[in-house]
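The following exercises concern a cysteine link and a helix. Each task is followed by a worked solution.

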Amino acid sequence: MNHKSRLLASTVLAMGLTAPAIAQDVPAGASDDVLKIGLVYTLSGPPAALGEQARDGFLLAAEKIGELGGMKTEIIIVDDEGKPDLAAQKANELVLRDNVDFVVGPIFSNILMAIVQPVTSTGTVLISTNAGTSTLAGEACNPNFYTTSYQNDQNHEVMGAYAQAQGYNNVFLMTPNYQAGKDSQAGFKNSYKGGTAGEIYTELGQLDFSSELAQIAAFQPDAVFTFMPGGMGVNLVKQYSQAGLSGIPFLSAFTVDETTLPATQDAAVGMLGGANWAPDMDNAANKEFVDGYIAKYGAVPGTYAMQAYDAAQLINSAVAKVGGDLTDRAALHAAIKEADFDSPRGDFSFGKNNFPIQDFYLVEAVKREDGMYGTSVKEKIFDDYVDNYADQCKM
């Protein structure tokens, strides 16, 4: 039973699932007993692999569950194309035209900042499955915004703590020039107190790193820390190896992961990263998720897929707890905050700012026994870790 009036007749483009129904960029207004969810992900261009993993992770859980919260479910998928203006427009359409109950996504922080106001100002719940900007974790926290991922700084804090423990005192920092890139350097420096050989911001989407690699070769730092998701990470890892820099430790998050390893393969094996999960974590929920994902998609899932999988589980548990009655918003939010589901990552709960409290790990790129590439847990770094901005949230 939806909390919004329905304005449009149902138009559904089937995408190969029997339940729930899936639509892509089409209006899908329906009757009051239909739960409607809009997915906003980057599904084109070099970063498409990230959005595809997130989309596929959500759909895997939705297919397993069937009717989320016991309600007939329709899922509308839109491609933000990595363009904030387009993302804001499509988010408006999801809320005002398609009357969705939840918006899920996006991948990138600049997209998140473009859609958060259009979505949440209407009372619609926005669940980010990846981007987790420091602003929304702190003073600008939002009662209609939740994330099943992390606060952007946190995975990078893992690498800062590792660099500190290794006694490095001359690290070269290189990240893209947008909010998540800035958060990543801030996160690294929060737990690393040594010196830096250089701190640079590259263009978002940059694919040629020859100039930056020449600087690294000249500085000869103790290690390199970077955050380069998607195609940026693929090119950087390959060029790093080709430049003969393999002797300099390469520390990262979202650069060497399950979205980039199919392309980088052996060039990335042994490289270290910070993460809230890895495919080889030993628990029943994770085995079901990883085995199901590999069976359906023929690839090893990454954190993008896992966090979106959890978003579907979160919606399912919350809607079920309120018996499908989404008109009682206080009850719905209380049900969301309970986070009553088994996450593949293990421990999961929401903090006061609606960001997760969870564990974080040092992970390593490996070639798996099945011949595919993935990450593997080496060491737990933080236990039940609350982000550094939660105390600024006044909710």
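**Exercise 1.** Determine how many disulfides the predicted model contains, and locate the cysteines involved.

*Solution.* Step 1. The criterion is a pair of cysteine sulfur atoms within 2.5 Å. Applying this rule gives a count of 1 disulfide.

Step 2. The partners are Cys 141 and Cys 393, with an S to S distance of 2.1 Å.

Step 3. Cys 141 lies in the loop between α4 (134-137) and β6 (145-147), whereas Cys 393 belongs to the segment after β14 (373-385). The two are 252 residues apart, and the pair links distant parts of the chain.

Step 4. The link of Cys 141 and Cys 393 is right-handed, with 90° about the S-S bond.

**Exercise 2.** Classify Cys 141 and Cys 393 as buried or exposed.

*Solution.* Step 1. Buried means under 20% relative accessible area.

Step 2. Cys 141 is buried because its relative accessibility is 14%. Cys 393 is also buried, because its value is 1%.

**Exercise 3.** Check the span of helix α5 (residues 153-166) against the expected value, and describe its burial.

*Solution.* Step 1. The expected span is 1.5 Å times one less than the number of residues. For the 14 residues of α5 this gives 20 Å.

Step 2. The end C-alpha atoms of α5 are 20 Å apart, which agrees with the expected span.

Step 3. Of the 14 residues of α5, 10 are buried, so the helix is mostly covered. Among them are Asp 153, His 156, Met 159 and Tyr 162.

Step 4. The elements covering the buried residues of α5 include α6 (179-191), β9 (223-226) and β14.

Step 5. After α5 comes Gly 167, which has a positive phi near 80°.

Definitions and conventions
Residues numbered from 1 in each chain as written. Predicted model: local features only at pLDDT ≥ 70, side-chain atom pairs only at ≥ 80, totals over all residues. Heavy atoms only, no water. Helix = DSSP H or I, 4+ residues; strand = E, 2+ residues; numbered from the N terminus. Buried < 20%, exposed > 50% of the residue type's maximum accessible area, 1.4 Å probe, protein only. Contact = heavy atoms within 4.5 Å.
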